[in-house]
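Here are my notes on the model you sent, set out point by point. Please read them with the structure open.

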Amino acid sequence: MATVATRAAATVMHRRMCLSPSGCAEGVKSGRSGCRLLTRRLRPGQADRTPSRGCPAGHGVWRGAEWRRETRGQVAIITGGAAGLGLAYARRFLEEGARVLIADIVDPAAAAKELERSGEVHAVRTDVASALSVEAMVDAAVKRFGRIDVLVNNAALFAGLAPTPFEHIEEAEWDRLMAVNVKGVWLCCRAVAPVMKEQRSGRIINIASAIVAKGTPLLMHYVASKGAVIAMTRVLARELGEHGIAVNALAPGLIMSDTARANADLTGFQAPQVIASRAFKREAVADDVVGAAVFLASADSAFITGQTLIVDGGSVFL
Ligand SMILES: NC(=O)c1ccc[n+]([C@@H]2O[C@H](COP(=O)([O-])OP(=O)(O)OC[C@H]3O[C@@H](n4cnc5c(N)ncnc54)[C@H](O)[C@@H]3O)[C@@H](O)[C@H]2O)c1
């Protein structure tokens, strides 16, 4: 028994394993561990100091007793990255060592300037509801960084919304919201897919909302749009899985981003009930959710796709 355990531990200690959802695209001869990256034996407790290379396809690796996130050097596009939670995702990805393109309909130059302290960032003014604009965003990312590993579909009409009974929502507002929150996700996925397919790897993180599970009143178009994002995530996961691309939805509960906090009408009517409904009875801030996005971009989540990760302090359970 002890021999089996010891052998198993030794195997775990020395193997480095490609974590692509579809396996390593390179298809190079595997070692005993099932991975060509099997190299040298580590002593128990010895950290692997091999430079952070991973497999040539850019997949994560298992090193010794520790998971490496392998976000260092990754290229992430964050839509709606000029303010609010998008800016917080961008900052966190930069801190993790990623290179980041922020895309926003509001000029993202000032945000990029602020983020430069945290790493390599590029800003492109983009309307996610316009196919031409989205294609220009993807071209700019490839031109600047040469690849795209992560797309965070965060852009949406949210913090500026006025709570409105469903009968009184303006048709133009309904159409624009659907164009940004739903069509925008489709257009961005459609534009990055060829790049990620070519790489045989990629992560798409669609920002949904826990509000979908609650039927929160006075935001019917917004709730419907986030329901669509969750549904689209499942289709995309199935259509892109064979190409090594994982697609998941991240569904935060009410988060007091700076932009949301600035709209007292939007947050005021729901915040007390939301907090009361949580297992953790407190307000949530950007730091409560950004780590979940990094997780969904990391090797740690390599076998997760089509899922919705709710980050709401235990308000709704699916
Ligand atoms: N803050 C919350 O409580 C909360 C909860 C759940 C989900 N979310 C989601 O998280 C994301 C960010 O939320 P936030 O609180 O920062 O709100 P926000 O409204 O400040 O963020 C949206 C960002 O998208 C940008 N944007 C809007 N239209 C765009 C377009 N056509 N093209 C490109 N960019 C566009 C905005 O300029 C803004 O920077 C949104 O998808 C929102 O639905 C937020």
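1. In this predicted model, the ligand is surrounded by 31 residues, of which Gly80, Gly84, Ala156, Ala159 and Thr259 are the closest. Sorted by class, the shell around the ligand consists of 18 nonpolar, 11 polar and 2 charged residues.

2. Three helices, α2 (84-95), α5 (171-199) and α7 (258-261), each contribute at least two residues to the shell around the ligand. The largest share, 3 residues, is supplied by α2.

3. Helix α2 also packs with helix α10 (residues 287-297), at an angle of about 55 degrees and with the two axes 9 Å apart, which makes α2 oblique to α10. The crossing in which α2 passes α10 is right-handed. On the α2 side the contact is made by Leu85, Ala88, Tyr89, Arg92 and Phe93, and on the α10 side by Val289, Val290, Ala293 and Val294; by class, these residues divide into 8 nonpolar, no polar and 1 charged.

4. Two backbone conformations deserve a look. Arg200, although not a glycine, has a positive phi of about 65 degrees, and this residue is found in the loop between α5 and β7 (202-207). Arg200 counts as buried because 20 C-beta neighbours lie inside 10 Å, and 20 or more is the cut-off for that class.

5. Leu218, likewise a residue other than glycine, has a positive phi, near 75 degrees, and its place is in the loop between β7 and α6 (220-241). With 18 other C-beta atoms within 10 Å, Leu218 is partly exposed.

Methods: Residues are numbered from 1 along each chain as its sequence is written. This is a predicted model: local features need pLDDT of at least 70, side-chain atom pairs count only at pLDDT 80 or more; totals for chains, interfaces and linings use all residues. A residue is near a molecule or strand if its C-beta atom, placed from the backbone, lies within 6 Å of it. Helices (H or I, at least four residues) and strands (E, at least two) are DSSP runs, numbered from the N terminus. Ala, Val, Leu, Ile, Met, Phe, Trp, Tyr, Cys and Pro count as nonpolar, Asp, Glu, Lys and Arg as charged, and the others, Gly among them, as polar. Axes are lines fitted to C-alpha atoms, for helices over the stretch in contact, and angles run from 0 to 180 degrees between N-to-C directions. Angles under 35 degrees count as roughly parallel, over 145 as roughly antiparallel, 65 to 115 as roughly perpendicular and the rest as oblique. A crossing is left-handed if the near helix is turned anticlockwise from the far one by less than a right angle, and right-handed if clockwise. Two residues are in contact if their C-beta atoms, placed from the backbone, lie within 7 Å. A residue is buried if 20 or more other C-beta atoms lie within 10 Å of its own, exposed if 12 or fewer, and partly exposed in between; C-beta atoms are placed from the backbone.
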